[in-house]
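Visitor: I'm new to this one and would like a close look at a single part of it. Could you pick out one helix, walk me through it slowly, and then show me how the surroundings fit in?

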Amino acid sequence: MLLDAERALSHTERVLSHTEQNRLLLAVYAARRYVSRSSDVHGAGHYLLGMLLEHNGEYESAALAYEQALDMPHVSDEHKWTMWSALGRAQCSSDQYAESVASYTRAAEIMDADSDQLTPGQKLGYLVGHSLALFFSNQLEASLHMFERAEPHATSNSSKLATSTLLSQVLWALGTTEHKQLACQHLIDALLSHTSIPSLCVLFAMGVLSDANVADAAYSELQGQSDPRVSRLESYVCALRGDVMGGRRALARAVYKSPDARAWLQMADFDALCGRESLAARAALEVVGRNAWTMQMDGRAQLEVVVGALSHLARDCKSAGKKTVMYQPWVDHNWSHIERS
């Protein structure tokens with residue numbers, strides 16, 4: 001039953017890749033109708049509903065659906081393990097960390113994560129999920145132990161690097177100098193076989209806070225990545241080193257490669273940091289004004305761009321008002337510009 005539900009979700013994901021988001025809402029609606037009209041004694045319907053809700057970002061509702069699936073009378077132990085694991089994942093995503101740890105523990109009571117009945121993917125998913133729940137519950141030593149168990153089950157280069165990066169972050173969170181050094185070294189070792197921008201950014205951040213040589217090494221690797229965000233990082237590194245013009249050239253390259261509203265706003269931020277006058281904030285607003293319905297940004301991101309751009313324009317307005325008063329202080333009307341700004 002659960003395999004059928006998982007196949008149905010897999011099919012739904014393929015459909016979603018070619019259609020609109022409202023198809024997922026229709027699938028959620030259909031699943032709700034099914035569980036309301038069916039006895040669902042094996043819990044497969046509620047489990048499918050939970051996966052759809054989780055896929056739609058409705059984590060609290062997904063957790064409730066998984067709980068209802070577990071309450072069904074004819075759920076096998078194997079399926080209970082899957083459901084408890086899914087419940088723990090949904091609870092962790094909805095910030096219910098203590099409850100998530102408890103759910104993962106219930107799953108472990110049914111079947112250990114090293115059981116031969118589980119696939120490598122199931123083992124990795126369970127161990128990483130449990131590790132994250134422990135981490136956010138501030139049980140760092142237990143989280144570290146769980147990540148160490150997870151690493152051997154990561155088979156692809158990307159999953160190996162992702163798991164190693166998470167393990168390094170737990171080591172860093174433990175806070176001692178030794179743990180921080182070990183975190184950097186562990187991540188460096190992982191990056192020798194495979195590279196990704198998120199992992200390099202983690203290493204760069206660790207290096208900035210603890211070891212300039214590590215930061216320089218990570219930064220050099222990042223510069224070799226063909227991503228416009230790297231140029232934005234480069235601009236601020238140049239600014240920190242006193243090379244303002246080099247930083248602005250790097251940011252200009254980023255805007256040229258990807259002239260979206262956020263790129264323009266970052267240029268406005270950089271110009272403000274360097275004390276330069278800039279038209280970049282106006283450019284950011286123009287992009288939002290022209291392309292609000294077609295931009296790859298949600299409403300919250302668009303609002304952040306608008307607020308950020310307006311903050312720059314407000315500062316520019318006040319600066320312009322001060323200049324006007326400076327040159328013509330005897331004109332009463334000029335003072336009103338400063339009062340309004």
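Guide: Let's start with one term: a residue is called buried when its relative accessible area is under 20%, exposed when that value is over 50%, and partly exposed in between. Keep in mind, too, that this is a predicted model.

Our single part is helix H11, which covers residues 197-210. H11 has 14 residues and reaches 20 Å from its first C-alpha to its last, close to the 20 Å expected at 1.5 Å a residue. Now use that term: in H11, the buried residues are Ile197, Ser199, Leu200, Val202, Leu203, Phe204, Met206 and Gly207. What about Cys201? Cys201 counts as partly exposed, because its relative accessibility is 36% and the in-between class runs from 20% to 50%. Another cysteine, Cys92, counts as buried because its value is 13%. As for disulfides, a search of the whole structure finds zero.

Next, follow H11 inward. The largest nonpolar core has 66 residues, and Leu203, Phe204 and Met206 are among those with the most contacts inside it, along with Leu49, Tyr66 and Tyr126. The helix that gives the most to this core is H5 (residues 77-93), with seven residues. There is also a second, separate core of five residues, including Val255, Ala263, Met267 and Phe270.

Tyr66 is a good one to click on. Leaving out residues up to four places away in sequence, Tyr66 touches Tyr47, Gly50, Met51 and Glu54, and also Met83, Ala86, Leu87, Arg89 and Ala90.

Now look at Ser196. Ser196 and Ser158 are 38 residues apart in sequence, yet their C-alpha atoms are 8.1 Å apart in space. Ser158 belongs to helix H9 (residues 157-173), and counts as partly exposed because its relative accessibility is 48%. The side chain of Ser158 also makes a polar contact, at 3.3 Å, with the side chain of Ser156.

A few loops are worth a stop as well. Ser115 is in the loop between helix H6 (97-110) and H7. With a relative accessible area of 16%, Ser115 is buried, and a polar atom of its side chain lies 3.1 Å from the backbone nitrogen of Gln117.

Two other loop residues make a nice pair. Asp40 sits between helix H2 (22-37) and helix H3 (44-55), while Asn138 sits between helix H7 (120-136) and helix H8 (140-150). Asp40 has a phi near 50°, a positive value in a residue other than glycine. Asn138 also has a positive phi, near 65°, and is not a glycine either. Are they buried or exposed? Asp40 counts as buried, since its relative accessibility is 5%, whereas Asn138 is exposed, at 62%.

Finally, step back to the whole protein. There are 18 helices and zero strands, and buried residues make up 41% of the 341 residues. Take the contacts between residues at least 6 apart in sequence: 50% of them join residues at least 24 apart. On the outside, the protein exposes about 19,100 Å², with carbon and sulfur atoms supplying 54% of that area.

Key: Residues numbered from 1 in each chain as written. Predicted model: local features only at pLDDT ≥ 70, side-chain atom pairs only at ≥ 80, totals over all residues. Heavy atoms only, no water. Helix = DSSP H or I, 4+ residues; strand = E, 2+ residues; numbered from the N terminus. Buried < 20%, exposed > 50% of the residue type's maximum accessible area, 1.4 Å probe, protein only. Contact = heavy atoms within 4.5 Å. Areas by Shrake-Rupley, 256 points an atom, 1.4 Å probe, with all protein chains shown as cover. Disulfide = S-S within 2.5 Å. Core = buried A, V, L, I, M, F, W, Y, C linked by side-chain atoms within 4.5 Å. Expected span 1.5 Å × (residues − 1). Polar contact = N/O pair within 3.5 Å; in protein donor to acceptor, adjacent residues only side chain to side chain.
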